[in-house]
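Hi everyone, thanks for making time for this. I'd like to walk you through a structure that is new to most of you, so let's put it up on the screen.

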Amino acid sequence: AMDGAKAEEVEQERAAFLKICGAFQGYAADAAEEVHRWERMFERLPPAHQSLLAHHRDKHVEAYRCVARNDKFLSDMLATYMGDDVPPHLRVPPAEKPDGVSRALHRVAPVDVEKVRYVLKNLARDWSAEAAGEREQSHGPIIRELTARHPPPGPERDVYPPRVLVPGAGLGRLVMEIARRGYQAEGNEFSYYMLLTSSYILNHASRANEWIIHPWVHSNCNHQSDADQLAEVHVPDVPACDAIVDGARVGGSMSMCAGDFVECYGDEQNVGAWDAVCTCFFIDTAHNVVEYLETIASCLRPGGTWINFGPLLYHWAEGAGYVGDTEELSVEMSLDDVCVAAESVGLKIETREMAEARYTSDARSMLQTVYNCALLVAVKVEDEGKG
């Protein structure tokens, strides 16, 4: 029998999950609403201006098509979680038919609308050929450091491949890239937005470029042309099934674990269990970075390596919000502080460099956010008194 607190936790978890399903299922209505706004604005233009921009009518029709395509991808994805084979707590309920009443009652919160659009951009980042350059900026340095410090043994050696943990794995591309090079790679992810999508793209893609999405359609701003805004992006550029087969030949394997990083990996069985922990745009998702660093240090065996790449945007800093009536904890610190904290938990920093990288950027857009990221490489020191 479940005790009350546990039952309540399960209930809250289910509610959070259903909210996310609702956000995916409400995607089309919300995105179409935005296109509808463009149409209303167009109609308010003086006739002479309307005729100058007459092609906007076609653009709006095309934008609805793009939204429908994105919605088809998301609906097909959710449909794979509706069967009886899916554990009850992860089962997606059928979408409600949008009659006016239930739609008005179930408006998806703007923050959740944004998260669904963010998933589409993340699909482009992690799984499209177009974003190879962007991935190289952040995955490149991590993989170079990993292979230099922990070379995979290769197929002929009778040795286990190094075990590599990737917290904040998102849609799983970095985990896959590490696995296909002959490592035992495990990704960890907390967000159901990411978990549902990564499981779909990793397990259900049977061929390259199987699906078409339109990640940039939702905003009219900063486009050089309408074609750029409406552009289709094919995913995945490499189906995971092929990459895993390649990886298996050289001893690699890939798995994903759902849940909070500290809760999942702060336990006894993970102590000293990993050869490397790779964090990419991750550590600043912490409420308290020191807690993340303690967990990373405890996971690593002595001589193991922490490789980090990313900025310090601090996910929870901006009016982070409340859980019930308790303010969300968010402790922000400088890169110097992060390094001092790392050393204090036994992670000796050997490399600290800065490098530029983009994240979910549309290469053709007139607005580019470029992060000046920290590449940190640290080695877990031997425990004193155990030698």
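Let's begin with a tryptophan. Trp 211 has a relative accessible area of 11%, so Trp 211 counts as buried. One thing to keep in mind as we go: this is a predicted model.

What is the ring of Trp 211 paired with? The partner is Phe 73: the two ring centres are 5.5 Å apart and the planes stand at 75°, which makes this an edge-to-face pair. Phe 73 is buried as well, because its relative accessible area is just 3%, and anything under 20% falls in that class. Now look at where the two sit. Phe 73 belongs to helix 4, residues 55-79, while Trp 211 is in strand 3, residues 211-213, so this pair ties together parts of the chain that are 138 residues apart in sequence.

How many aromatic pairs does the structure hold? The count is 13. Another of them joins Phe 17 and Tyr 192, with centres 5.1 Å apart and planes at 75°, so that one is edge-to-face too. Here again distant parts of the chain are linked: Phe 17 comes from helix 1, residues 4-25, and Tyr 192 from helix 9, residues 192-203, with the two positions 175 residues apart. Phe 17 and Tyr 192 are both buried.

While we're at helix 1, is Leu 18 buried or partly exposed? Leu 18, which is found in helix 1, has a relative accessibility of 34%, so it counts as partly exposed. To give you a feeling for distance, the C-alpha atoms of Leu 18 and Ala 129 are separated by 32 Å, and these residues are 111 apart along the chain.

Back to the rings. Phe 261, Tyr 265, Trp 274, Phe 282 and Tyr 292 are linked into a cluster by ring pairs. Trp 274 has a charged companion too: Arg 163 lies over its face, 4.0 Å from the ring centre. Elsewhere, Trp 38 has the charged end of Lys 59 sitting over its ring, at 5.6 Å from the centre.

Now for the helices. When two helices pack, we describe them by the angle between their axes and the distance between those axes.

Take helix 6 and helix 9, which pack at about 35° with axes 10 Å apart. Their crossing is right-handed. Among the residues making this contact are Val 116, Val 119, Asn 122 and Leu 123 of helix 6, together with Met 194, Thr 197 and Ile 201 of helix 9. By class, the contact contains nine nonpolar, two polar and two charged residues.

Asn 122 deserves a closer look. It lies in helix 6, residues 110-127, and its relative accessible area is 2%, so Asn 122 is buried. What does Asn 122 touch, leaving aside its neighbours within four places in sequence? Its contacts are Leu 171, Met 194, Tyr 359 and Thr 360.

Finally, helix 13, residues 289-299, and helix 14, residues 335-344, have axes that come within 9 Å and cross at roughly 40°. This crossing is right-handed. On the helix 13 side we find Val 289, Val 290 and Leu 293, and they meet Val 338, Ala 341 and Ala 342 of helix 14. The residues of this contact divide into six nonpolar, no polar and no charged.

That's the tour, and I'm happy to turn the model around for anyone who wants another look.

Definitions and conventions. Residues are numbered from 1 along each chain as its sequence is written. This is a predicted model: local features need pLDDT of at least 70, side-chain atom pairs count only at pLDDT 80 or more; totals for chains, interfaces and linings use all residues. Side-chain values use heavy atoms; hydrogens and water are left out. Rings of Phe, Tyr and Trp (its six-membered ring) pair if their centres lie within 6.5 Å; planes under 30 degrees apart count as stacked, over 60 as edge-to-face and the rest as tilted. Helices (H or I, at least four residues) and strands (E, at least two) are DSSP runs, numbered from the N terminus. Buried means under 20% relative accessible area, exposed over 50%, partly exposed in between (1.4 Å probe, protein chains only). A charge sits over a ring if NZ of Lys or CZ of Arg is within 6 Å of the ring centre and within 35 degrees of the ring normal. Axes are lines fitted to C-alpha atoms, for helices over the stretch in contact, and angles run from 0 to 180 degrees between N-to-C directions. A crossing is left-handed if the near helix is turned anticlockwise from the far one by less than a right angle, and right-handed if clockwise. Contact means heavy atoms within 4.5 Å. Ala, Val, Leu, Ile, Met, Phe, Trp, Tyr, Cys and Pro count as nonpolar, Asp, Glu, Lys and Arg as charged, and the others, Gly among them, as polar.
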